[in-house]
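Biologist: I am new to reading protein models, and I would like some help. Could you walk me through this one, feature by feature?

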Amino acid sequence: MSARFEEIDWRATPMGEISLRRRRDPASGEDVYEVKLDDEYLMSSLFTAGEVELTRLGLAVLPDGPLDVAVGGLGLGYTARAALDDPRVRSLIVVDALAEVIDWHRRGLVPLGAGLASDPRCRLVRGDFFAMAAGGAAAGGPVPADGVQAADGSDEVPHGLDPETPGRRFHAILLDVDHSPRHVLHPGHAALYRPAGLTALAELLHPGGVFALWSNDPPDEEFGAVLAEVFTETAAHVVDFANPLQGGTATNTVYVARRREG
């Protein structure tokens, strides 16, 4: 049996001090994996329904494959795992700003890591999703995508989520990084949730492709209106799940927006 509590890894990063922890849940006796950034909890393996539903709801409106999918935010890997479990998915790119998080998966320090890192359909990319989607630097400077620079040698990154193929289009882009469009982890992320940012992201989708977004807040009518300016079909789904820490039921929101066909 594992120790009651263990700090598996701790790193100082440009975003703050990030740590991966494992503790034994006294109620179930199972191991719970948690990620903290400074004093803030980012994710827990106790709460994965929203991440899985992000993939399920995002891919549900798409036709039969094959599908090429991009995910913004690796975390503990539940969104990516759900994508690979869909037999229509032929390729998956997962973009994360923190090399440390990617390293946890490649070293098998998190339960889903080895499976993701070894799947030939899946590529883990270090990069600033927001700068890559916009085709430039987010506030505070971009994280180069696996060291890729612009053709002129500057730190500007090309438009696209695949460093090997700038401008590549996907059938679905799934994003789970910020707490919500109103509560972002970095000020530079906020531009994505405005019309210009969403328009740039939509250009990375095939016609009829889907952008899906996880949020910890209830449905936001103002953000929904912004989505509707850019995408032809939009919906906000409330995801209910049990909260064993506080008791009762908690909720997340998954936004699903579809690019116009043709």
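**Reading the model together**

Modeller: Happily! Let us begin with a pair of strands: six bridges join β5 to strand β6 (residues 89-96), and the two run parallel. One bridge pairs Leu67 with Val89 of β6. Keep in mind that this is a predicted model.

Biologist: Which element does the chain pass through on its way from β5 to β6?

Modeller: The chain goes through helix α2 (residues 78-84), and this β-α-β crossover is right-handed.

Biologist: What should I look for in the side chains of a strand?

Modeller: As a general idea, side chains in a regular strand alternate between the two faces of the sheet. Here, Leu67, Val69 and Val71 point one way from β5, while Asp68, Ala70 and Gly72 point the other way.

Biologist: Are the residues of β5 buried or exposed?

Modeller: Six of the six residues of strand β5 (residues 67-72) are buried, so β5 is largely enclosed by the rest of the structure. Besides β6, β5 has strand β8 (residues 170-175), with which it pairs in the parallel sense over four bridges. There, Ala70 has Ile173 of β8 as its bridge partner.

Biologist: How do I read the whole sheet around β5?

Modeller: In general, strands of a sheet pair through backbone hydrogen bonds, either parallel or antiparallel. In this case seven strands form an open sheet in the order β7-β6-β5-β8-β9-β11-β10, with mixed pairing. The edges are β7 (122-126) and β10 (233-242); each has a single partner strand, so one side of each is left without a neighbour in the sheet. On average, neighbouring strands of this sheet are turned by 20° against each other, direction ignored.

Biologist: Where can I find antiparallel pairing in that sheet?

Modeller: Look at β9 and strand β11 (residues 249-258), which pair in the antiparallel sense over six bridges. Phe211 has Ala257 in β11 as its bridge partner. Helix α7 packs on the sheet and touches β9, β10 and β11, with its direction making about 20° with that of β11.

Biologist: Which residue in α7 would be good to click on?

Modeller: Try Leu227, which has its place in helix α7. A residue is called buried when its relative accessible area is under 20%, so Leu227, at 2%, counts as buried. Leaving out residues up to four places away in sequence, Leu227 touches Leu198, Phe211, Thr234, Tyr255 and Ala257. Leu227 and Tyr193 are 34 residues apart in sequence, and their C-alpha atoms are 8.2 Å apart in space.

Biologist: How should I read a helix that packs against other elements?

Modeller: An α-helix has 3.6 residues a turn, so residues three or four places apart point the same way. In helix α6 (residues 195-202), the buried residues are Gly197, Leu198, Ala200, Leu201 and Ala202. These buried residues pack against α5 (129-134), β8, β9 (205-215) and α7 (221-230).

Biologist: What about a polar residue, such as Ser91?

Modeller: Ser91 is found in strand β6, and with a relative accessible area of 16% Ser91 is buried. Its side chain makes a polar contact of 2.6 Å with that of Asp68 and another, of 3.0 Å, with that of Arg168.

Biologist: Which strands make up the other sheet, the one with antiparallel pairing?

Modeller: Four strands form that open sheet, in the order β1-β2-β3-β4. Its edge strands, β1 (5-13) and β4 (40-44), each pair on one side only. Strand β3 (residues 31-37) and β4 are antiparallel partners over four bridges, and Leu37 stands opposite Glu40 in β4. Helix α3 (residues 99-106) lies across β1, β2 (16-24) and β3, running at about 140° to β1.

Biologist: Which residues touch the most other members of the largest nonpolar core?

Modeller: That core has 37 residues, and Leu20, Val69, Leu92, Val94 and Trp104 touch the most other members. Apart from it lies another core, of 27 residues, including Ile93, Val95, Phe130 and Tyr255.

Biologist: And how many helices and strands are there in the chain?

Modeller: The chain has seven helices and 11 strands. Of its 262 residues, 50% are buried.

How values were computed: Residues are numbered from 1 along each chain as its sequence is written. This is a predicted model: local features need pLDDT of at least 70, side-chain atom pairs count only at pLDDT 80 or more; totals for chains, interfaces and linings use all residues. Side-chain values use heavy atoms; hydrogens and water are left out. Buried means under 20% relative accessible area, exposed over 50%, partly exposed in between (1.4 Å probe, protein chains only). Two strands pair if DSSP finds at least two bridges between them. A crossover is right-handed if, with the strands pointing away from the viewer, the path from the first strand over the helix to the second runs clockwise. A nonpolar core is a set of buried Ala, Val, Leu, Ile, Met, Phe, Trp, Tyr and Cys residues joined through side-chain atoms within 4.5 Å. Contact means heavy atoms within 4.5 Å. Axes are lines fitted to C-alpha atoms, for helices over the stretch in contact, and angles run from 0 to 180 degrees between N-to-C directions. A polar contact is a pair of N or O atoms within 3.5 Å; within protein, one must be able to donate a hydrogen and the other to accept it, and residues adjacent in sequence count only if both atoms are side-chain atoms.
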